[in-house]
Amino acid sequence: MERSFRGLRHRERQSNRRKGNVKVSHGRYSEIVVLTGAGISAESGIRTFRDQGGLWESHRLEDVATPEAFHRDPALVQRFYNERRAQLPLVKPNPAHLALAELEKAIPGTLIVTQNIDDLHERAGSHHLIHMHGELTKARCVKTGQLFRVTEPLTEHSLCTCCVPASVLRPHVVWFGEMPLGMDRIFQALAQCDLFIAIGTSGQVYPAAGFVDEAVAQGAHSIEINADSSHVSHRFHEHRRGMAAVEVPKLVAELIGRR
Ligand code: OAD
């Protein structure tokens, strides 16, 4: 049932596109998926992962971002995420985050899917948001999966209050080798969107790097905003090269018709 409905929408869009009804109809998109990566938070002062001076230059991801690392050295892993979490009160949303919150207000069918674990989208006012790689502000019981808001630095001795005896609390982040969060909702949104936008992501980490293919296969238009080219740039219909804090507000103004 779901499949044939998707197929129908796809054929309808392909046929509309052939008639020239859909492509680049800025201001008329109603179902938008925006994928964001570390580049959108760079101008707020949060380091990216793979640019020069990025986090994976000073830390081996195998030491801090895998289940095996947490098993081997929980204190080190907790410290790594404590440092990231301590930065949050010192940074604030930049014009790119704010523009996306405005986009959601103007076009309620907008969904932001972020790979970022910072809280800058929600602080900018976005509500329709999936943190596919988790959230720094939360910890999770390893036994029940219950979430807790983190109010102080976590240690290897941090325990939940949901089990007896209490279980270990881990950062609520997705590590390499783990399944990202919200995938059903994300694929549903990708199948239905008429516009897919990727902002500040290098296209090196799957499944996020494959979202553009999924959306385009269903007939969506696609736009990439990045300071540089990414590993998946060639898969997008349109490119806007530049800083997110400049390019995102420009695009949002076009989309909501304030040119
Ligand atoms: P990366 O560090 O891999 O890529 C950042 C991207 O942002 C690059 O393509 C830059 O060109 C671009 N960029 C940097 N500054 C920018 C700016 N001011 N404006 C626009 N673009 C800018 O970060 P991600 O692609 O987000 O996963 O990384 C994906 C995942 O890999 C992360 O979520 C994390 C990481 O390992 C986990 O930890 C599971």
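**Group meeting: the ligand site and the salt bridges**

Let's start at the ligand. Arg50 places a polar side-chain atom 2.7 Å from one of the ligand's oxygen atoms. Keep in mind that this is a predicted model.

Two further residues make polar contacts here. In Trp56, an N or O atom of the side chain sits 2.9 Å from a ligand oxygen. Gln115 uses its backbone instead: an N or O atom there is 3.2 Å from an oxygen atom of the ligand. How much of the ligand does the protein bury? Taken alone, the ligand exposes 790 Å², and 94% of that is buried by the protein.

Now the shell around the ligand. There are 24 residues in it, and the ones that come nearest are Phe49, Arg50, Thr201, Ser202 and Asn226. What is the shell made of? The split is 10 nonpolar, 10 polar and 4 charged residues. Helix H2, residues 38-42, gives the largest share, with 3 residues.

Next stop, Glu224. This residue is in strand S8, which covers residues 221-226. Is Glu224 buried or exposed? Its relative accessible area is 2%, and buried means under 20%, so Glu224 is buried. What does the Glu224 side chain meet? One partner is Ser233: the two side chains share a polar contact of 2.7 Å. Another is Arg241, through a salt bridge at 3.5 Å, N to O. Glu224 lies in strand S8 and Arg241 in strand S9, residues 238-241, so this pair ties together parts that are 17 residues apart in sequence. The two ends sit in different settings by the numbers. Glu224 counts as buried at 2% relative accessibility. Arg241 is partly exposed, at 38% relative accessible area.

Glu224 has other neighbours too. Leaving out residues up to four places away in sequence, Glu224 touches Ala198, Ser230, Val232, Ser233, Phe236, Glu238, His239, Arg240 and Arg241.

Two names on that list take us to the next pair. Glu238 and Arg240 form a salt bridge, with their closest N and O atoms 3.1 Å apart. Glu238 counts as buried at 18% relative accessibility. Arg240 counts as buried as well, at 14%. Which residues join this pair in a network? Salt bridges with shared partners link Glu238, Arg240 and Glu254 into one network.

How many salt bridges does the structure hold? The count is 9. One more of them deserves a mention. Glu178 pairs with Arg170, and the closest N and O atoms are 2.8 Å apart. Glu178 is partly exposed, with a relative accessible area of 25%. Arg170 is at 7% relative accessibility and counts as buried.

Last, the whole chain. The protein chain has 11 helices and 9 strands. Of its 259 residues, 52% count as buried. The chain exposes about 12900 Å², and carbon and sulfur atoms supply 53% of that. What about contacts along the sequence? Take the contacts between residues at least 6 apart: 64% of them join residues at least 24 apart.

To recap. The protein buries 94% of the area that the ligand exposes when taken alone. Arg50 has its polar side-chain atom 2.7 Å from a ligand oxygen. Glu224, in strand S8, forms a salt bridge with Arg241 in strand S9. And Glu238, Arg240 and Glu254 belong to one salt-bridge network. That's it from me.

Conventions. Residues numbered from 1 in each chain as written. Predicted model: local features only at pLDDT ≥ 70, side-chain atom pairs only at ≥ 80, totals over all residues. Heavy atoms only, no water. Near = heavy atom within 4 Å. Polar contact = N/O pair within 3.5 Å; in protein donor to acceptor, adjacent residues only side chain to side chain. Areas by Shrake-Rupley, 256 points an atom, 1.4 Å probe, with all protein chains shown as cover. Helix = DSSP H or I, 4+ residues; strand = E, 2+ residues; numbered from the N terminus. Nonpolar A, V, L, I, M, F, W, Y, C, P; charged D, E, K, R; others polar. Buried < 20%, exposed > 50% of the residue type's maximum accessible area, 1.4 Å probe, protein only. Contact = heavy atoms within 4.5 Å. Salt bridge = Lys/Arg side-chain N within 4 Å of Asp/Glu carboxyl O.
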